[in-house]
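Thanks for coming. I will go through one structure today, starting with what a database record says and then turning to the coordinates.

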Amino acid sequence: MPMKFTKFAFASLTILFLVAPLIAILPLAFTSSVILTYPIPSWSLRWFEELFTADAWRRAIVNSFIIGTGTTLLATVLGTAASLGLRNRLIFFRGTIRTLFLLPMVVPAVVLGVGMQVLLGGFGLTNSYAGVIIAHTVVAVPFVVVSVSGALAGIDRRVELAAESLGASPITVFRRVTLPLAMPGVLSGAVLAFATSLDEVVLTLFVAGPNQRTLARQMFSSIRENISPAIAAAAFLFITVTVVIGLIVILSNVMRARRR
Amino acid sequence: MSAGPSRTGRSLLLLAPLLIFLVGFFVWPLFSMMSQSVSDTAVLRLLPRSAEVLPDWDRASPPTPAMQAALMEDLKAVDDDQALGDMVRRLNSARSGFRTLMSKTTSALDDTANPPVDLVSIDDRWGRPEFWLAIADALSPLTDRNLLAAVDLGRNASGDIEHLPAEQSVNGVILLRTFWIAGLVTIACACIGYPYAIIAASLSGWKRDVMLGAVLLPLWTSLLVRTAAWFILLQEQGLINDALQTLGLIDGPLPLIFNRTGVIIAMTHVLLPFMVLPIYSVLITIPKNLMPAAASLGAHPIRAFLRVLLPLSLRGVASGSLLVFISAIGYYITPALIGGPGDQMISSIIAFYAIGSANWGMAGALGVVLLIATLLLYSVYARLSAEEAERY
């Protein structure tokens, strides 16, 4: 019995450690005070108002959506195409190519940031949306490759061969058979790509100019320079988006499970 | 089979865009960072004429008139103040005194009313070989200076590699600190994550879902949100200090933020899922009846754990630890926001050199050190997980 209690206490405390910080920040989004501390004197929506009206925050939100959308499109198209190509076992250096596709997840962001700044600076792409989208795509694309490859691995190749033997062209096979079957993987890859772009700070710090400040970048400098409950409001926004994203992924998984 | 080649061709066509994209925007940036760390053109690109004349010099005698004339021509041709500043900084780091000497020389050369005949007439120091030696050595386009400095080494006057004096040996301290903090975080994650994964794997139904959900939720949450949350909890009037004071456990607020304690706590929170998930995925493949079998044969629970569960799950612990350690050594955001000046890790120093002082050479050199450490550890991790995949 004491063993069981110890286990229960340990698990509960660890869950508290994992989840409590995320919950603790949420109510502060609705404080009327200018400082980020408990107890909350009274409730107010002033910090959400600040978030959507103050120039710096509003632009940051808009920028995050522009850059996030661009990154999602680019990463999903490149990653899905590459995952389809990787299915072919006859490709030379298949393992090496796959490792290269996943490596951006491993290389420290600061190291990549220095290289990006040097290189994109040479092309005149620093301080531009294109530069930031390219940088974000590099770190977002591995998530698409992993997710789409997983979905493709679950497809029965005989279905595609059947379509082919019935006279469908490769494009028709892809459009009518492969893509619909891989769709949940493509969708969750896209969602992960968007989430990666939304949360990316370090590369943005190196590559973006003042006009491309993203929400994450704005939060970073705000915590560093003048912390205010606007941070909590932004965090609330982030967590809400995360929960919605999570639901989308769960739903797409359910969809995938139901298909089988 | 005509379908074979055309199918391969199609696959290559599908692979090509991402391959080209990553070679261009991932591999190439890493190479340009590496080449920055060994390139040293601040002096060479401003002094092309001197670069032609100086190799003929015997490196000991006073400067010849040809050398002086070439350098004067070069300096008169400089019209980029920033490039001039870079060159002076580079020369001054090789030999102090260049800063004053150069500003005196350039203003004398600007005086078109009575142009100086040679450099020695502007300043006596131009007659001494040491200063010319510094220029001659700085004219090589490649240098190992930054890479050596990244690990606290340097070349002395005769060109031998030796340790830098203690007051310049900051990078070694920061590297050690980076590995130390990453190690502490890894140990903390293992101490919490291993038992947690064992408990989760032993449960079933909603209890297991809750335990896994608690791990996945932070993983899904933005890193900045989590860091901001720890900022709120750890600050002087934060929830942790308030709670401890209300309970009467402490009299005044504990210093939890802008120090090592805060960094370790926040990083452990951020990286704990990377420890729990690999261990958990190994544990669920272990047959559930092994531990009861050991117990029924009379093994004490601790003995059963040491002889059965630990050896079987060690691989998961190793994968998780490597994953946490690899992520931790590259961390930038959490130490930058939660840590004090004494808790900055190698990434912060790289960012400082790159953004703060535009010293690409040093940023690149430290980046190379971090990149090599990361890739070495990752290759061990990849080998571990490949063996894992082979076993099942």
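**Chains A and B: record, contact and loops**

I begin with the record for chain B, where UniProt, in an unreviewed entry, lists "transmembrane region" at residues 12-31, 179-198, 210-233, 263-283, 304-333 and 345-378. Keep in mind that what you see is a predicted model.

Two of those spans can be set beside the coordinates. Residues 210-233 of chain B are 92% helix and 0% strand, and their end C-alpha atoms lie 23 Å apart. For residues 263-283 of chain B, the figures are 100% helix and 0% strand, with 30 Å between the end C-alpha atoms.

The record, again as an unreviewed entry, also places "domain: ABC transmembrane type-1" at residues 175-381 of chain B. Over that stretch of chain B, helix makes up 78% and strand 0%, and the end C-alpha atoms are 21 Å apart.

Now chain A. Its secondary structure comes to 11 helices and zero strands. The C-alpha trace of chain A spans about 70 × 65 × 30 Å along its principal axes. Chain A has 260 residues, and 44% of them count as buried. If we take the contacts in chain A with a separation of 6 or more, 77% of them join residues 24 or more positions apart.

Next, the contact between the chains. How many residues does each chain put into it? Chain A gives 63 residues and chain B gives 65 residues. On the chain A side, the largest share comes from helix α1, residues 2-25, with 12 residues. By type, the residues on that side of chain A divide into 51 nonpolar, nine polar and three charged.

One residue to look at here is A:V19, which lies in helix α1 of chain A. Leaving aside neighbours within four places in sequence, A:V19 is in contact with B:A214 and B:L217. Is A:V19 buried, exposed or partly exposed? There are 17 other C-beta atoms within 10 Å, so A:V19 is partly exposed.

A helix pair across the two chains is also worth a look. Helix α5 of chain A, residues 109-123, and helix α17 of chain B, residues 346-356, have axes that come within 9 Å and cross at roughly 15°. Angles under 35 degrees count as roughly parallel, and α5(A) and α17(B) are therefore roughly parallel to each other. Their crossing is left-handed. Which residues meet there? From α5(A) we have A:V110, A:V114 and A:Q117, and from α17(B) we have B:S347, B:I350, B:A351 and B:A354. Five residues of this contact are nonpolar, two are polar and none is charged.

Last, two phenylalanines in loops. A:F93 sits in the loop between α3 (55-86) and α4 (94-102) of chain A. The phi of A:F93 is near 55°, a positive value in a residue other than glycine. A:F93 has 9 C-beta neighbours inside 10 Å, so A:F93 counts as exposed.

In chain B, B:F258 lies in the loop between α12 (239-246) and α13 (260-283). B:F258 also has a positive phi, near 60°, and is a residue other than glycine. With 19 C-beta neighbours inside 10 Å, B:F258 counts as partly exposed; the count for buried would be 20 or more.

That is what I have for today.

Definitions and conventions:
Residues are numbered from 1 along each chain as its sequence is written. Chains are lettered from A and ligands numbered from 1 in the order in which they are written. This is a predicted model: local features need pLDDT of at least 70, side-chain atom pairs count only at pLDDT 80 or more; totals for chains, interfaces and linings use all residues. Axes are lines fitted to C-alpha atoms, for helices over the stretch in contact, and angles run from 0 to 180 degrees between N-to-C directions. Helices (H or I, at least four residues) and strands (E, at least two) are DSSP runs, numbered from the N terminus. Angles under 35 degrees count as roughly parallel, over 145 as roughly antiparallel, 65 to 115 as roughly perpendicular and the rest as oblique. A crossing is left-handed if the near helix is turned anticlockwise from the far one by less than a right angle, and right-handed if clockwise. Two residues are in contact if their C-beta atoms, placed from the backbone, lie within 7 Å. Ala, Val, Leu, Ile, Met, Phe, Trp, Tyr, Cys and Pro count as nonpolar, Asp, Glu, Lys and Arg as charged, and the others, Gly among them, as polar. UniProt positions are given in the numbering used here, feature names are shortened, and annotations may be inferred rather than shown by experiment. A residue is buried if 20 or more other C-beta atoms lie within 10 Å of its own, exposed if 12 or fewer, and partly exposed in between; C-beta atoms are placed from the backbone.
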